[in-house]
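Biologist: I would like to take a close look at a single part of this protein with you, and I would be grateful for a careful, connected explanation that a first-year student could follow.

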Amino acid sequence: MIPNNIHYSGYVDEISLLSRLHEGGFGLVWTEDMYWREYMKYNASYKVSTYLRAGIPIVAHKSISCANLIEKNNWGILVDTLEEAVEVINNMSEEEYQKYIDSISKVSFLLGNNWFTKKLLVDSIYKL
């Protein structure tokens, strides 16, 4: 049985998904499975970029591979447990949340305009 706070939507296209996510909240990049937790220490989850593109803060385990980027750029919260995440979010002011949104807006714009891909291609051509 699915809990009341989970709403299954089936397939959602990319534009609709980003639009829905942009409505607010947090993007959860999490697993309780130790195999996948270990995997996430070394591999960047595509979910991180999806949430950043949508303009919402990330909630992730402190051991995630991009933890330094999240912390350094103020893109979200890093915690050891989901209970800790709930506590941090429940005690977060509107002003604190807005600071995350403001920090994320910079990278969201770059992701939305494919800046990183374009830079990689241009840099590669100049190296040739």
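Biologist: Which residues in the largest nonpolar core touch the most other members?

Modeller: Please keep in mind that this is a predicted model. The largest nonpolar core has 27 residues, and those that touch the most other members are Val29, Val48, Leu52, Ile58, Ala60, Ile64 and Ile70. Two or more residues of this core come from each of the helices α1 (14–21), α3 (46–54), α4 (67–72) and α6 (94–112), and also from each of the strands β2 (58–61) and β3 (76–79). As a general background, nonpolar side chains in soluble globular proteins tend to be buried together.

If we now follow Val29 itself, leaving aside residues up to four places away in sequence, we find that Val29 touches Met40, Ser45, Lys47, Val48, Tyr51, Ile58, Val59, Ala60, His61 and Ile64. Among these partners, Val48, Ile58, Ala60 and Ile64 are themselves named with Val29 as residues that touch the most other members of the core.

For contrast, it helps to look at nonpolar residues elsewhere: Ile2, Ile6 and Tyr8 make a nonpolar surface patch of about 390 Å². Tyr8 lies in the segment before α1, and Tyr8 counts as exposed because its relative accessible area is 73%, whereas residues belonging to a nonpolar core are buried, which means that their relative accessible area is under 20%.

How values were computed
Residues are numbered from 1 along each chain as its sequence is written. This is a predicted model: local features need pLDDT of at least 70, side-chain atom pairs count only at pLDDT 80 or more; totals for chains, interfaces and linings use all residues. Side-chain values use heavy atoms; hydrogens and water are left out. A nonpolar core is a set of buried Ala, Val, Leu, Ile, Met, Phe, Trp, Tyr and Cys residues joined through side-chain atoms within 4.5 Å. Buried means under 20% relative accessible area, exposed over 50%, partly exposed in between (1.4 Å probe, protein chains only). Helices (H or I, at least four residues) and strands (E, at least two) are DSSP runs, numbered from the N terminus. Contact means heavy atoms within 4.5 Å. Patches are made of residues with over 30% relative accessible area and no salt bridge: like charges are joined within 9 Å, nonpolar side chains (Val, Leu, Ile, Met, Phe, Trp, Tyr) within 5 Å. Accessible areas come from the Shrake-Rupley method with a 1.4 Å probe; for residues, only the protein chains shown count as cover. A salt bridge is a side-chain nitrogen of Lys or Arg within 4 Å of a carboxyl oxygen of Asp or Glu.
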